[in-house]
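Could you walk me through this structure in my viewer, one selection at a time? I would like to know what to click on next and what is there.

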Amino acid sequence: MQAALRAETSPSFQADAVAVLDGPESLLKVFACNALARRAGVAAGMTKAQAEVSPQVSLRRRVVAQEQAAHAALLECGHGSSPRIESSCPGTVIVDLTGAERLLGTAEEIGRQLAGRAAACGLMVNVGLAGNPDSALHAARGFAGIAVIAPGQEASRLSRLPVEILQPDAEILDTLESWGIRDFKSLAALPEIPLTQRLGQYGLHLQRLAKGEVRRELVAAELPQVFQESMELDEPVDLLEPLAFVLNRLLEQLMARLLERALATDHARVSLELEIHYDRQVKADDLQELASPMHERTLKLPTPTQDAKILLKLLQLDLEANPPRGPVKRVTVEVFAARLRLGQAGLFQPLSPEPAKLEITLARLRAVVGEQDEDGRGCVGFPRVLDSHKPDSFQMLPSMPERDARKSARAGKQMQRSFDSGPPFSRPSAQDDKTPRLAMRRFRPPIAALVELAGDAPRTIIFSGMRAKVRNASGPWRVSGDWWNQSEQWQRDEWDVEISAEGGVGVYRMFREVRSGKWFVEGMYD
């Protein structure tokens, strides 16, 4: 029941009547229900039609993945108090707290800490503390809240519990019922030899459990390596705002699990199961696009984070740019664990924003300008010049390379040393001040142009809705590169031209691609 509701804020486990259905679609039956649903007349084993008679009862489908995620969260809560834990059965975890009193406090304080960790993961638990594992297990199953049993008082404290808590075989339980044995006290009072003659060693083991005398070592459990939460929606969602509400709830649970193990994440994956009606698609193209009912998106962060709000904002921006093709009926979020990387900024390094906030800013820019340009390069990121003479030969990286970051730090240190040793720059001479300089303002991308030639030189240029005559032309200069790569080979002739236009005279840089013969205006001189 709690596994089905822990991803939701409403309905709640205590305040609303809820029942969980399981089985084939044609024969769904009530698998579990809470106390409010039982008061409304719903019981385990009822069919879906019988349960729907009570309108105040909310029905949910059983999802095994949700139960596995809830049990994994419970294991992580126990691991926060001790590295020695045992996974007895789904929904039950035994923790070895030997010697933990010095670090964590009294038994009551430890119990409250365990319950608080579970509540942070969306689970309400019963906690039993005793001198041996099985007595603690039976106390947690039999008493609500936090139950502490002092050493030597196991038999007296457990005496009022029913024998069903021992979970014996059905045949053994029927035998004990026929004998009138209904609680731990009655079972513990039976003579050992006649009990062993009738029920064997298994019956004797049950009696020792009822007395709290069993001593054993824990069977260590491995912590789950997969951090995944899912939620199946009652009604398909086709708007981003309610979908973000669901994502926020799942991310908060995942971050709580990571925090219990002092981990973070730099890689998240969201899988949205869509509701697609193939019979309503009238176009063949639509059927091809909707062949997969899943919509998956992956986020990779430059640095690990434990902030659910950061991941939520990045997912919102990503889904706005890449919306699903239909209503969403199930949401699954998986994060991959990573170690937190701690670093200290140097005194001579330039100031930079927090990595998480910078990633959100970059995601917002990608949503505005797009992911890639017409040349297949990323539009947002850290530019890096390629080892080529080709103009505009660069690429955009999602994060600054570590080598470039070291160069930036070294440059900062060199600048600081130059400041310490005196002014590094001398005042330019009067002759340098009189030397005219031109700066070229590049057009990105270059502007396509139509050119009329006089011989080999341009005579008239038409670009950006303007027709201008060429007064002076200088060129051509043949520039080429990548001749060893047939697919990326480039070659062009460059010209500097002075044209007369309506606003006066202008000087521009032009080039002609040799392979295509097309003309472009690359920039203008200021």
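Start by selecting Ala262, just after helix H12, where the backbone takes a positive phi of about 55°. Keep in mind along the way that this is a predicted model.

Now step back and select H12 itself, residues 240-260. Its 21 residues should span 30 Å at 1.5 Å a residue, and the end C-alpha atoms are indeed 30 Å apart, so the two values agree.

Next, jump to helix H15, residues 355-369. From first C-alpha to last, the 15 residues of H15 reach 21 Å, close to the 21 Å expected at 1.5 Å a residue. Show the side chains of Ala356, Glu359, Ile360, Leu362, Ala363 and Arg366, the buried residues of H15. Turn the view until you look down the helix axis: these buried residues of H15 fall within an arc of 165°, so they line one face of the helix. That fits a general pattern: with 3.6 residues a turn in an α-helix, residues three or four places apart point the same way.

What covers the buried residues of H15? Among the elements to display are strand E10 (294-305) and helix H14 (308-321). On the face of H15 turned away from the buried side, pick out Lys357 and Val368, which are exposed. Before leaving, click on Gly370, just after H15, with its positive phi of about 100°.

Now for a sheet. Select strands E2, E1 and E3, which form an open sheet of three strands in the order E2-E1-E3, with mixed pairing. Strand E2 (29-33) and strand E3 (58-61) stand at the edges with a single partner strand each, so one side of each has no neighbour in the sheet. Neighbouring strands here are turned by 40° against each other on average, direction ignored. Zoom in on E1 (residues 18-22), which pairs with E3 in the parallel sense over four bridges. Ala19 stands opposite Leu59 in E3.

The last stop is aromatic: there are two ring pairs to find. For one, select Phe463 and Tyr508, whose ring centres are 5.5 Å apart with planes at 70°, so the pair is edge-to-face. Phe463 lies in strand E15 (residues 457-463) and Tyr508 in strand E18 (residues 504-513), so the pair ties together parts that are 45 residues apart in sequence. Both Phe463 and Tyr508 are buried.

Then select Phe511 and Phe520: with centres 5.4 Å apart and planes at 25°, the pair is stacked. Phe511 and Phe520 are both buried as well.

Key:
Residues are numbered from 1 along each chain as its sequence is written. This is a predicted model: local features need pLDDT of at least 70, side-chain atom pairs count only at pLDDT 80 or more; totals for chains, interfaces and linings use all residues. Side-chain values use heavy atoms; hydrogens and water are left out. Helices (H or I, at least four residues) and strands (E, at least two) are DSSP runs, numbered from the N terminus. The expected span of a helix is 1.5 Å times one less than its number of residues. Buried means under 20% relative accessible area, exposed over 50%, partly exposed in between (1.4 Å probe, protein chains only). The arc is that of the directions from the helix axis to the C-beta atoms. Contact means heavy atoms within 4.5 Å. Two strands pair if DSSP finds at least two bridges between them. Axes are lines fitted to C-alpha atoms, for helices over the stretch in contact, and angles run from 0 to 180 degrees between N-to-C directions. Rings of Phe, Tyr and Trp (its six-membered ring) pair if their centres lie within 6.5 Å; planes under 30 degrees apart count as stacked, over 60 as edge-to-face and the rest as tilted.
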